[in-house]
Amino acid sequence: MSKAYLVLDDGAIFEGESWACTGETFGEAVFSTGMTGYQETLTDPSYHKQVVVMTAPHIGNTGMNSSDKESKKIWVSGFVVRNPSPRVSNWRSENSLEDSLIDAGVVGIQGVDTRAITRHLRDRGSMRVGIFSGSEHSREEMVVKVRQAPLMSGAFLAADVSTQEKYIVPVPPGVTKLFTVAAIDLGIKSATPRHMSDRGIETHVFPVTATKEEILAIAPDGVFLSNGPGDPATMVEIVELVREFLLDGMPIFGICFGHQILGRALGFETYKLPFGHRGINQPVKNLRDGTVEITAHNHGFAVAAPIDSNFTTVFGAGYVSHICLNDGVVEGLELLERPAFSVQYHPESAAGPHDASYLFDHFADMMAKDKAARHAQR
Amino acid sequence: MPKDNSIKSVLVIGSGPIVIGQACEFDYSGTQACRVLREEGVRVILINSNPATIMTDPEFADATYIEPITSEIIEKIIAKERPDAVLATLGGQTALNAAMALNELGIFEKYGTKLIGADIPAIKRGEDRDIFKKIVEKVGGESARSVICHTLEDCYGAVETLNYPVVVRPSFTMGGLGSGIAFNREELDLIAGAGLRHSPTSEVLLEESILGWKEYELEVMRDHKDNVVIVCSIENVDPMGVHTGDSITVAPALTLTDVEYQKLRDLSIDIIREVGVATGGCNIQFAVNPTDGRIIVIEMNPRVSRSSALASKATGFPIAKIATKLAIGYSLDEIQNDITQSTPASFEPTLDYIVVKVPRFAFEKFPEADPRLTTTMKSVGEAMAIGRSFPEALQKALRSVEKKGTSFSWGSPLLTRSELEAAVCIPTEFRLQQVQQLMTLGASVEEVHSLTKIDPWFLSQIELINSMANEIRNSSDLSSELLSRAKRYGFSDIQIGELRQVSEEEVRGVRHRLGIIPVYKTVDTCAAEFEAHTPYHYSAYDLENEVNARTKPAVIILGSGPNRIGQGVEFDYSCVHAAFALKAAGYETIMINCNPETVSTDYDTSDRLYFEPLTLEDVLEVIHAETLAGPVLGVIAQLGGQTPLGLARGLKDAGVTILGTSPDAIDLAEDRGQFGSVLDAAHLIAPKYGMAHSYEEALTIAHEISYPVLVRPSFVLGGRGMEIVYDDESLKGFIERATQITPNHPVLIDRFLDDAIEIDVDALYDGEELFLAGVMEHIEEAGIHSGDSACVLPSASLNAEMLNNIREATLKIASGVGVRGLINIQFAITRTNPGETGTLFVLEANPRASRTVPFVSKATGNPLAKAAALISMGQNINELRQSGVLPKVGDGVAHGISVKEAVLPWNRFRRVDGTGVDSVLGPEMRSTGEVMGIADTFGEAYAKSQSAAFGALPKSGNVFLSLSERDKEGSVEPARELVELGFTLYTTSGTHDYLLKAGVASTLVRKNSDETSTGLSAVDIIANGTVQLVINTPLGRGTRHDGWLIRTASVQRSIPIITTIAGFKAAVAGISEITKNAFSIKSVQEWSA
């Protein structure tokens, strides 16, 4: 096995062995603490341009299958594991992890002290990283190359991950269609429309470039803002679009990146967390009823909103509906006078616990009420 | 809602004696409960009959009742103490059953107290199979499918849907009679046909077989706000068919995708909600079909369990502690995570390491027992290890088990490939080792999977270990790269040495020269996402070391490893006390242990915890790492039993300071020759003995000493391999077996003192002064292992002169050996006439904490282990007297009369043919635990101990006696007393006639071997419930068939059985007492007041 190096922005270098593709890759170094769900992580568009360090020590045990994909491809720009599995063992597996990574051209590294890297990132924050294998660079050259890679702050990545053409996810046979939703694809995961369609929501997935007219053309009952990669501060046009929908009183539901966009549309700032939340064990407190949900997270940015009391916006009053119990970060927003809410975490899970799937019901209820009100007005 | 302030006092119910399936994990959970409650300002009242536990120490509760866990006693305690609430979910099935019984009797209502932690209907829903099955169905889960059939035709129809193999269970038959697994039509005809005949209702249940499916367990917690978290997932390496307690298990689950894992998680949450476990922990077991992922819910335990202890240690999430807080009103989000100190307990731990648990068995002590592993748990302990990969954790766990043949080895296998192929199909203690050997012989993952159903992923990891072994063996030299890779696969220096044919020391030398040493990682519940504040470490051959520097001088305490017969919770007790005492004295305490069930491996018992195997290599590496972190004063090796004692010499040779008694002194006591000189110098006598290295030598010695002789291998604990031998032939048989047990140690041959009184002494010695902590008199005569014998403190029959002789002898031995700390000495006293002082023989001396330290500490109120730890650090007994650790003057004095009784695991074992194993006591220890009875009279104390250990002695009814010739004389008086107390005696012919001559009438029953007469046999009257107590003393040797039938029948019917005359006399004293008075209760605190 040939040597490989994981090189961080701050000059730290971890030596391991080449794995998956040989070559060079760059991105933002992040760690994920989920013990299951590497396939979902790899195929989640939110990980675009990120090099993911898995803290679970054995990765690849259950191989890869076609039904657990969260999008059409693997998005991570690099993958860091301690012990890749020499063998796949699962009745649903169709391919090995390493073969899938090679097919996707992903450069990986194995045998590194993933815990040491995680502690490094935790203490010093997320930073740029490169993986080098099969190359002859000196240590200094590698660090220089890493520092030339683009930063995540200020990155506009939605165009890379968004669908080119609009497509429809119909409700499954046996489920009555109740609503039509326009989902703006900023890096949507396939689990999201699946959760909606199970609840009778026909989801029209629009490219990030969609105009208000194009969206209104399908006469949606609500607008959904998906998760996705990049810095929410770069999403100026979508933020404007969301403000227009807010003024119209359109029901809106945002997840993750979509939550940050709703936050910005309401006038809040977003900021970069030191090392982000990634994993499937994050305790979130629902401030409406005081219960705790165990949730899946994948966010490097967050919304700065007041937690202690209701806030006012140009769209009326609202409040922070959820917070992360680990660090108090805002995890959910809801308006009181207009039908709009969002969560920073992933109720669609995949990977992760299903504790928060009630939020899709909440969206459906919100649309039902809105529909009834409009009906009454007419 | 924060704490429920209406709860000002809580009665905690403990789990009683250590038995198979319910071990010291409940001392761990109960101790946590007591600590939490006291921290919360709640008055704690505790009942537990087990004196060896840490929780029953006076400092853990406000009122500690070491009393039998019976409704009668608990009601008395409730009536006296009036607790606001009762907590029964942390004391295993024993406590839960006690709570259920109290509820049936209406005790909670009567005294206005309430059960917290779980309510009765929830317990019933969780434990009743039918109700639970309905709940599983309701939440959308599946139980194993089954069909009730009344004819063979029905069966054929059922198999259409259930498929072969199918489990056949006849209805209403005893003990699983007639059940079996049918793999085809022929077998179905046979088994179901017989089953239909056996069943009084001509009914059999056909159930789909889930043998060989993947097995999982999830630990779940719920609070009163309905927040639910999964603390840990555990996957069994041994698939369905082997009890989880007997399986090698791994955490987290390793062969499930997220989709599949979330299904188990969803089901667990739905089940805990539907069952209605209001607050606290429970575990839920699942089987998953490896071919299509179908999930079957097997069962749940609505309480903290053995797996909870494992999950707590595996994740750093203290389930028992949190369960207690939830029980008194907190919710999960109101409780802080101790480890991060910044995040709440309402989260799910994530692991960046692998945990492997390996059970430890004791089949060698039950040679008759069926060695197959089944759904009945048979293991007596377990070891856990943590590593950064499965191979590393597995190999560490295997060596932690500390048993020959457990670590993987690569010499030529003892069995051929075809023999191994046959062997691995049946789960046994060493199946995984057989699998590994089979794979070295070329068997593929697929082949082994088809034979064992062990998941291919685990097998492929064993394949990796094997190929690493090949590399180690075949590479030209031990390069740095090769060594570090070998270490990452968990290879020990011993294993590498074996593969390279060099010594362990040589490998270590090379390794250290190359700078390949382990780093220590931290168990932090969160995979390093947050900073950890608890130094709970494990070794890894990785990059970054997380051991913090310190300035306080440290003392390293070596624990006792996995529980085994002869080395159990008693030693953990001593280690934990040392940690507490030394912490209080200002030292930094560092614990090394690998037993997940214990209090010592709780992350807040010591200042630092290393969860590591107790081998020389692993211990030396920890010492090295800690020496780099700050000053290390030395290692305490005398408290954890034989395991650390066995390491002392090697540690000293490696330059480590052994605190307290020196390794030279240990050797002096262990070596019979040297010890003989100590005795000679002190003018003490030992039974004649010799040491033999061969059969010929043994024969000469035995003839010199004359039979019967006691033979045993040297350097063992718990009488392992010890036998009383009566002739040349059995001596030969013993030598052949014994030399296999410990190849490098000779065999000891002692004169066996028939009918002697055996005495156990625990004492402290500081080099000048002796503190005689307790003199215990065994109830059973010499020849029964001290661990299996009941004993009484203070001694009953010794006069002042003899007690003085014992003190003098103890002092001479302690000073002659050079003890600094604890010493335990066993003496035997022979008397030619009753009433005389007798002759004192020294049987053996152990310069370490003994099994009886906790018992003596509780009977006398003196913290011996704490005192020993402080003596090790240089304090003397006078200083301890001044500081109040020991009494101002004099020796240990017992408060009241305390009886210790051993608990034996006979009912756990069956012979291959399904019949019971013999329950007769002998020189080899076989008890798993102990209980204590304290009272003002011997009779009451003994009766309490029996009630706690085996169930109450009868107050009236029928007693069966069948005695060996030499015991008949001694039985006359107690038999007469029984008749006077109103009992009817049943006897076999010899006993009948003897008693009749002595004027004691009894009803004659037939010996089972007597085929000539009809009428009720001995076994009949036991099996049909006629008798309430059985006295059967075995013959010295020869055929024991009748006795065996009697004893196994009693064990099966759970009728108290006594196998010695001394025990019989004690039981009669007890019965006489309880027929007059009901049990009194008194807390330990009151006894010492």
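Visitor: What do the buried residues of helix α35 of chain B pack against?
Guide: In this predicted model, they pack against four elements of chain B: β35 (958–962), α34 (1018–1023), β38 (1029–1032) and β39 (1057–1058).

Visitor: Which residues of α35(B) are the buried ones?
Guide: They are D1042(B), G1043(B), W1044(B), L1045(B), I1046(B), R1047(B), T1048(B), A1049(B), S1050(B) and V1051(B). To be called buried, a residue needs 20 or more other C-beta atoms within 10 Å of its own.

Visitor: Why is α35(B) called largely enclosed?
Guide: Ten of its twelve residues are buried, so the helix is largely enclosed by the rest of the structure.

Visitor: How does the reach of α35(B) fit what is expected of its twelve residues?
Guide: The rule is 1.5 Å times one less than the number of residues. For this helix, residues 1041–1052 of chain B, the expected value is 16 Å, and the reach from first C-alpha to last is 16 Å. The two are close, as you can see.

Visitor: What does the backbone do just after α35(B)?
Guide: There S1054(B) takes a positive phi of about 55°.

Visitor: What makes helix α11 of chain B count as largely enclosed?
Guide: Nine of its nine residues, 319–327, are buried, so α11(B) is largely enclosed by the rest of the structure. Among them are I319(B), I322(B) and L326(B), and also the lysines K321(B) and K325(B). Just after α11(B), G329(B) takes a positive phi of about 115°.

Visitor: How do you know whether the radius of gyration of chain B agrees with that of a compact globule?
Guide: Set the two values side by side. For 1089 residues a compact globule would have a radius of gyration near 31 Å, and chain B has 29 Å, which agrees. Its C-alpha trace spans about 75 × 75 × 70 Å along the principal axes. Of the 1089 residues, 59% count as buried. The chain holds 37 helices and 39 strands. Among its contacts between residues at least 6 apart in sequence, 71% join residues at least 24 apart.

Visitor: And what does the same test say about chain A, with 378 residues?
Guide: A compact globule of that length would have a radius of gyration near 21 Å, and chain A has 21 Å, so the value agrees. The C-alpha trace of chain A spans about 70 × 45 × 40 Å along its principal axes. Chain A has ten helices and 20 strands, and 60% of its residues are buried. Of its contacts with a separation of 6 or more, 74% come from residues 24 or more positions apart.

Visitor: Why is strand β11 of chain A called mostly covered?
Guide: Five of the six residues of β11(A), which runs from 179 to 184, are buried.

Visitor: What makes β11(A) and β12(A) a pair?
Guide: Pairing asks for at least two bridges between strands. Six bridges join β11(A) to β12 (residues 201–206) of chain A, and the strands run parallel, so the condition is met. One example is T180(A), whose bridge partner in β12(A) is E202(A). Between the two strands, the chain crosses through helix α6 (residues 191–198) of chain A, and this β-α-β crossover is right-handed.

Visitor: How many bridges join β11(A) to β13 of chain A?
Guide: Four, so these strands pair by that same rule. They run parallel too, with β13(A) covering residues 222–225. Here V181(A) stands opposite G222(A).

Visitor: What makes R264(A) count as buried?
Guide: The cut-off is 20 or more C-beta neighbours within 10 Å. R264(A) has 21, so it counts as buried. You will find R264(A) in helix α9 (residues 257–265) of chain A.

Visitor: Which residues does R264(A) touch, leaving out those up to four places away in sequence?
Guide: P232(A), V239(A) and T270(A). R243(A), which lies 21 residues from R264(A) in sequence, is 9.4 Å away in space, C-alpha to C-alpha.

Visitor: How many residues are in contact between chain B and chain A?
Guide: 47 residues of chain B are in contact with 42 residues of chain A. On the chain B side, the elements giving two or more residues are α9 (258–275) and α16 (456–474). The most comes from α9(B), with six residues. That side divides into 21 nonpolar, eleven polar and 15 charged residues.

Notes:
Residues numbered from 1 in each chain as written. Chains lettered and ligands numbered in written order. Predicted model: local features only at pLDDT ≥ 70, side-chain atom pairs only at ≥ 80, totals over all residues. Contact = placed C-beta atoms within 7 Å. Nonpolar A, V, L, I, M, F, W, Y, C, P; charged D, E, K, R; others polar. Rg over C-alpha atoms; globule rule 2.2 N^0.38 Å. Right-handed = clockwise from strand over helix to strand, strands pointing away.
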